[in-house]
Amino acid sequence: MMSSDLLRWIPLIPLLASAINLFFGRAIGKRPAGALASAAVGASFALAFYVFWQLPASGVMRDLVYTWIQSGSFQINLSFQVDALTAVMLLIVTGIGLLIHIYSLGYMAHDADMVRFFVYLNLFIFFMLVLVMGDNLLLLFVGWEGVGLCSYLLIGFWYHDPNNAIAGNKAFIVNRIGDLGFILGIFILVAELARQGVWTLDFAELAKQVKLLSPATITLVTFLLFIGATGKSAQLPLFVWLPDAMAGPTPVSALIHAATMVTAGVYMTARLHFLFALAPATLALIAVVGAATAFFAATIALTQNDIKKVLAYSTVSQLGYMFLAVGMGAFGAAIFHVFTHAFFKACLFLGSGSVIHALGGEQDMRKMGGLKSHMPRTYWTYVVATLAIAGAPFTAGFFSKDLILWQTFSHGAIALWGVGLVTAGMTAFYMFRQLFMVFHGECRADEHAKAHLHESPAVMTWPLMILAAGSIFTGWLGAPEYLWGSRWDHWLEPIFGKVAHHGAVSTELLVTGLTLAVVAAGIYLAYLMYGKPGAQPASVPSGLLHKISLNKYYVDEIYDFALVRPFTLVAKFFASIVDPWVIDGAVNGVAATTRGLSTIWRGLQSGNVQHYAAMFVTGALALLAYYLGQLS
Amino acid sequence: MIALHNYLILSAVIFSIGVIGVLIRRNLIVVLMSIELMLNAVNLTFIAFSRYLGSTDGQVIVFFVMAVAAAEAVIGLAIIISVYRHRQSLDPQEMQLLKW
């Protein structure tokens, strides 16, 4: 283990920049403030890369800042650690974060509140880094809540529209439900370990002491922690907030609601893999929830018309894949998909942002089309990222998604693999549907939008191109054995142990071939329906299934009817009956009683000095009389 | 030679006059004078006992009381003046603001 004072600066620099922009941002102006924010993340990225470079092969670097809580033998430190897993997350967060900061310089240039945007964005980077670098569960939770706060602030960034504020509230409240499970899990973990005489939340200590816990306890704890993950990582049944979170500015969707924050749940399970690995029941549940979410969200994405909604449901679906991998115990594969997904999904979101920017805020794909020639850079990067997410051979998504599907298959979970396979086909379909609707065919935008169609400035297209490159090459780190083998597994070996390889290479090739066939079918179907010359992308197919999918299975309506309305009714009852009559009644009653009793006595206090003097004399005389009586 | 009880009776009468004056007069200056009356009634008692018992302790205390009474008169009159400047009145019945 190495210790280094350097680590604390990785999260602190963005925090400092955030504070400077918060207090002096208006004074130093929009562009310098944005440049400062980007430079801070750049500095963090440089430091993270240096740490990554210096990291000993199987080592951990630590930085103890100070002891945060000391109560008896229970000690929580504010201390950061970097190991192989954290290093990966650090590079994702700071690297993608840097690109998105730079992109935002262009995207937000016309926004009056650009300074506030960068304050929030830097604050988010800070909390995300605390989340991935914290060396104990409580610090992770601090980061976890912090990124939730920043997510809320950024979804409601354009708060003048009440819908955006409502979307922010929804994200925050749904996340609270998950966080309740998370914090209960932490409580039970602490309490059960304390019963064995161990007081700790430190990851390294937990890993050592985990055998003290009974299997039932571990199952309960991991189940509760997973509830937290379903909230943050938008899994069934708590995924409803993520599509609405698209109300925020597009760079936010790319950074927070695709590349980094929503993967926190996957990171948490990977960080606590020693705990989850001992709870087969929870893992099975995670696998089922993951596969179900992947499938369910993909079916919704098939019919959405809002460019960002498609990507949002696609994110939910891809997160489902990650949890499917977690459920299979393939934590390395899950983190690999986090890594590759960060690139191509950030690229897709930023590309869609570029399109929205060019069309002056239009998000409806039925009013797009034919943008290929107008914005070639955006188009080509979008093509690359679409191929990557669809899983075309030798793109990043191909390697990571295939790895997950292969792990699922080789673990014998054939049904889940089947679901994953169908989802892969649907992914290819809806992504190519989007590509065709946005960039190909006739331009369906109105004249006004057409007139000022333009390619985005270089500050926006360069990040796109870098991310597009990442959407291909990052996957090559985790190639399967039949190609050149996985450096990825080797890198994460100190964390997750050696990856076992089941199954024959021929089976693996067969499974891969099958996946590719399904993907190709999805792409071809999308071409037939939306891409072929003469196709009518904007026409609305009717039919029950289409309607259900378009309306997102009415999940929001069901939740509204089953949960929100009863809750509101109960709240109304308490607000109109209990609060004014019982609570206020008790408080006001005490006050009224005191006042009523005091009217009797306050007559004595007339304010007239001579009355007081008279009472004084009377008292003195009474005392005198009493003592004289005693004498005789 | 006048007997002790004569002094005490005189003192008690003066003291009572002082008490009644404090309680019933409607002018703060007279109230202050009544307090002086009570103090001097007490002084008279001290002196009478001092003579009767052949001790000087009582006389010493009388000096103290006179010093305190002088200080009290100074402060009391100063307060009365500033009260009068505020309210153009010296009636204690009208000064009843300090209540519940």
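1. In which sense, and over how many bridges, do strand β2 (residues 61-71) and strand β3 (residues 74-82) of chain A pair? In this model, which is predicted, the two strands pair in the antiparallel sense, with nine bridges between them. One of the pairings can be located by residue, since A:Leu64 has A:Ser79 of β3(A) as its bridge partner. The connection between β2(A) and β3(A) is a hairpin with two residues between the strands, and A:Gly72 in the turn has a positive phi of about 60°.

2. As for the overall make-up of chain A, the chain contains 25 helices and three strands, and its C-alpha trace spans about 125 × 65 × 50 Å along the principal axes. Of the 632 residues in chain A, 50% are buried. Among the contacts in chain A with a separation of 6 or more, 81% are between residues 24 or more positions apart.

3. A residue to look at in its surroundings is A:Ala87, which belongs to helix α3 (residues 84-107) of chain A. Is A:Ala87 buried or exposed? A:Ala87 has 22 other C-beta atoms within 10 Å, and because the cut-off for a buried residue is 20 or more, A:Ala87 counts as buried. Setting aside residues up to four places away in sequence, A:Ala87 touches A:Val51, A:Phe52, A:Leu55 and A:Val82. One of these, A:Leu55, is 32 residues from A:Ala87 along the chain, yet the C-alpha atoms of the two are separated by 8.5 Å.

4. The largest nonpolar core has 202 residues, and those with the most contacts inside it are A:Ala334, A:Ile335 and A:Ala346. Helix α4 (residues 114-133) of chain A gives the most to this core, contributing 18 residues. When neighbours within four places in sequence are left aside, A:Ala334 is in contact with A:Val266, A:Ala270, A:Met322, A:Ala325 and A:Val326.

5. Turning to a pair of helices, helix α8 (residues 215-232) and helix α11 (residues 264-271), both of chain A, pack at an angle of about 155°, with 8 Å between their axes. Angles over 145 degrees count as roughly antiparallel, and therefore α8(A) is described as roughly antiparallel to α11(A). On the α8(A) side the contact is made by A:Leu225, A:Ala229 and A:Lys232, and on the α11(A) side by A:Ala264, A:Gly265, A:Met268 and A:Thr269. By class, the residues of this helix contact divide into four nonpolar, two polar and one charged.

6. Where chain A meets chain B, the contact takes ten residues from chain A and eleven residues from chain B. Which element supplies the largest share of the side of chain A that touches chain B? That share, five residues, comes from helix α25 (residues 609-631) of chain A. The side of chain A that touches chain B has four nonpolar, five polar and one charged residues.

Key
Residues numbered from 1 in each chain as written. Chains lettered and ligands numbered in written order. Predicted model: local features only at pLDDT ≥ 70, side-chain atom pairs only at ≥ 80, totals over all residues. Contact = placed C-beta atoms within 7 Å. Helix = DSSP H or I, 4+ residues; strand = E, 2+ residues; numbered from the N terminus. Nonpolar A, V, L, I, M, F, W, Y, C, P; charged D, E, K, R; others polar. Axes fitted to C-alpha atoms, helices over the stretch in contact; angles between N-to-C directions. Parallel < 35°, antiparallel > 145°, perpendicular 65-115°, else oblique. Pairing = 2+ DSSP bridges. Core = buried A, V, L, I, M, F, W, Y, C linked by C-beta atoms within 7 Å. Buried ≥ 20, exposed ≤ 12 C-beta atoms within 10 Å, placed from the backbone.
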